[in-house]
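Subject: Structure handover

Hello,

Here is the structure I said I would pass on. My notes on it follow below.

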Amino acid sequence: QVTLVESGGGLVQAGGSLTLSCVADGNLFSIVVAKWFRQAPGKPREPVATITSRGATNYADSVKGRFTISKDTKNTVNLQMNSLKPEDTAVYYCNAQGRTTDWTDWASWGQGTQVTVSS
């Protein structure tokens, strides 16, 4: 079993920056794809950024040029968020899937971390 734990959320003024981290813990062999989602109050959860094991990335139009997703280590995926706007306020969730050391597939969601951007 693989669990995901996010950290790095907080309160920041508009124009500021935050870095979110997602750490995978367990019998992890690999992360095949990792994604960050966010959910604002009263709105559906939406994808923000994706990274594959080969390093290919994809971003929602609303964050292109401001957010960067990266894999720092075998089990850590980060989301660097710059030029933050009040509309970026949401709970951010990490989602990932891959293979365990038993060569079975795994997929998990993190518990979420709150990002609040004040105007």
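Arg38 and Asp88 form a salt bridge between their side chains, at 2.9 Å from N to O; note that this is a predicted model. Arg38 sits in strand E4 (residues 28–39), while Asp88 is in the loop between strand E8 (76–81) and strand E9 (90–100), so the pair ties together parts that are 50 residues apart in sequence. Asp88 counts as buried, with a relative accessibility of 1%. Arg38, at 6% relative accessibility, is also counted as buried.

Each of these two residues has a further partner. On one side, the side chain of Arg38 meets that of Glu46 in a salt bridge, 2.7 Å from N to O. Is Glu46 buried or exposed? Glu46 falls in between: its relative accessible area is 34%, and partly exposed covers the range from 20% to 50%.

On the other side, Asp88 forms a salt bridge with the side chain of Arg66, at 2.7 Å from N to O. This pair also links distant parts of the chain, 22 residues apart: Arg66 is in the loop between strand E6 (57–59) and strand E7 (67–73), and Asp88 in the loop between E8 and E9. Both Arg66 and Asp88 are buried.

Taken together, Arg38, Glu46, Arg66 and Asp88 are linked in a network of salt bridges. The count for salt bridges comes to five.

Now the chain as a whole. It has eleven strands and zero helices, so its radius of gyration is the next thing to look at: the value is 14 Å, close to the 14 Å that the globule rule gives for 119 residues, and the chain is therefore as compact as a globular protein of that length. Along its principal axes the C-alpha trace spans about 50 × 25 × 20 Å.

How much of the chain counts as buried? The figure is 42% of the 119 residues. Among contacts with a separation of 6 or more, 57% are between residues 24 or more positions apart.

The accessible surface of the chain is about 6200 Å², and carbon and sulfur atoms account for 49% of that. As for charge, the chain has 11 positive and 9 negative charges, and the mean positions of the two sets are 5 Å apart.

If you open the model, Asp88 is a convenient place to begin, with its salt bridges to Arg38 and to Arg66.

Regards

Note on methods:
Residues are numbered from 1 along each chain as its sequence is written. This is a predicted model: local features need pLDDT of at least 70, side-chain atom pairs count only at pLDDT 80 or more; totals for chains, interfaces and linings use all residues. Side-chain values use heavy atoms; hydrogens and water are left out. Helices (H or I, at least four residues) and strands (E, at least two) are DSSP runs, numbered from the N terminus. The radius of gyration is taken over C-alpha atoms; the globule rule is 2.2 Å times the number of residues to the power 0.38. Buried means under 20% relative accessible area, exposed over 50%, partly exposed in between (1.4 Å probe, protein chains only). Contact means heavy atoms within 4.5 Å. Accessible areas come from the Shrake-Rupley method with a 1.4 Å probe; for residues, only the protein chains shown count as cover. Lys and Arg count as positive and Asp and Glu as negative; His and the chain ends are not counted. The place of a charge is taken as NZ of Lys, CZ of Arg, CG of Asp or CD of Glu. A salt bridge is a side-chain nitrogen of Lys or Arg within 4 Å of a carboxyl oxygen of Asp or Glu.
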